[in-house]
Amino acid sequence: MASEGMVKVDKYRTFLHEDATNDDIVWRHGAPPTYDAVNKLFEEGRQKEWPKGSLEETVQNAIKSWEMELSHKPRLQDFRTINPDKFKLFVNGREGLSGEEALKIGSYNALLKSSLPKNFQYYKAEEETFESSHEVFRSALPRGFAWEVIRVYSGPPNIAFKFRHWGYFEGPYKGHAPTGEMVEFYGLGVLKVDESLLVEDAEIYYDPAELFGGLLKGEATIRQDRDKDHKAVQGSGCPLGH
């Protein structure tokens, strides 16, 4: 999660400040992002603090930089973390998404797509746009959604690692009132990189129920029930579902 504005040097996204001064790079919201809020959340809540220059820190910063690019650069040609001609994103063993496909639907929709029947899905990725998916989680986790590397098991060219993702449920989530509690999940990832350390394949494995178990704990609001009735009558296509 980030806000747009003047960009300071970001110690976790190493080339963000450099890119911010490059007039040839296009930004999705008209200006480069800043990450002060989520960096604060990360530093206050991380379980590990890796030595500068370590493999763990390098992998952690690379993933943060890739997420920044995926969320804020609308053109694949401006990415510096992946090999755009070869890149594929695989989540929980599903068919891989190309860089352009992942860029079109956004990181949340790419990571949260489900094969469950619709009536069992706690998040319907195919009904969300890039913009609506980000707004859903920006609203639910207003302090941001922090990410850290917990352990790295192997180095290049196939980098295997364990990660943790967390935030505080302090805003509404699809008709569920916030609890103020921390929501988090753990997962595993494998990055295949080329000789320039650009990612060619990214595999992510995790259990989405760890995240949604926390987001669905909040009391269901009356408004959600009313909106469901309204949608049934009007056939509303509102991507946020409320």
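**Exercise 1. A salt bridge between two loops**

Classify Glu181 by its relative accessible area, and then work out which side chain Glu181 meets in a salt bridge.

Solution. In this predicted model, Glu181 has a relative accessible area of 38%. Since buried means under 20% and exposed over 50%, with partly exposed in between, Glu181 is partly exposed. The next step is to look for a partner of opposite charge: the side chain of Glu181 meets that of Lys217 in a salt bridge, at 2.7 Å from N to O. Placing the two residues completes the picture, because Lys217 lies in the loop between α7 (208-215) and α8 (222-234), whereas Glu181 lies in the loop between β6 and β7 (182-193), so the pair ties together parts that are 36 residues apart in sequence. Elsewhere, salt bridges that share partners join Glu18, Asp19, Glu69, Lys73 and Arg80 into one network, and the structure holds 19 salt bridges.

**Exercise 2. The buried face of helix α2**

Identify the buried residues of helix α2, determine how they are arranged around the helix axis, and name the elements against which they pack.

Solution. Within helix α2, which covers residues 36-45, the buried residues are Val38, Asn39, Leu41 and Phe42. Viewed down the axis of α2, these residues fall within an arc of 160°, and they therefore line one face of the helix. This can be set beside the general geometry: an α-helix has 3.6 residues a turn, so residues three or four places apart point the same way. The final step is to ask what the buried residues of α2 meet, and they pack against α3 (55-72), β5 (146-152) and β6 (158-168).

**Exercise 3. Two salt bridges involving α2**

For Lys40 and Glu43, find the salt-bridge partner of each, and decide which of the two pairs lies within helix α2.

Solution. Begin with Lys40, whose side chain meets that of Glu44 in a salt bridge of 2.7 Å, N to O. Both residues belong to helix α2, where they are four residues apart and hence separated by about one helical turn. Lys40 is partly exposed at 48% relative accessible area, while Glu44, at 54%, is exposed. Turning to Glu43, its side chain forms a salt bridge with that of Lys11, at 3.2 Å from N to O. Here Lys11 lies in the loop between β1 (3-4) and α1 (16-20) and Glu43 in helix α2, so this pair ties together parts that are 32 residues apart in sequence. Lys11 counts as exposed, with 57% relative accessibility, and Glu43 is partly exposed, with 34%. The pair within α2 is thus Lys40 and Glu44.

How values were computed:
Residues are numbered from 1 along each chain as its sequence is written. This is a predicted model: local features need pLDDT of at least 70, side-chain atom pairs count only at pLDDT 80 or more; totals for chains, interfaces and linings use all residues. Side-chain values use heavy atoms; hydrogens and water are left out. Buried means under 20% relative accessible area, exposed over 50%, partly exposed in between (1.4 Å probe, protein chains only). The arc is that of the directions from the helix axis to the C-beta atoms. Contact means heavy atoms within 4.5 Å. A salt bridge is a side-chain nitrogen of Lys or Arg within 4 Å of a carboxyl oxygen of Asp or Glu.
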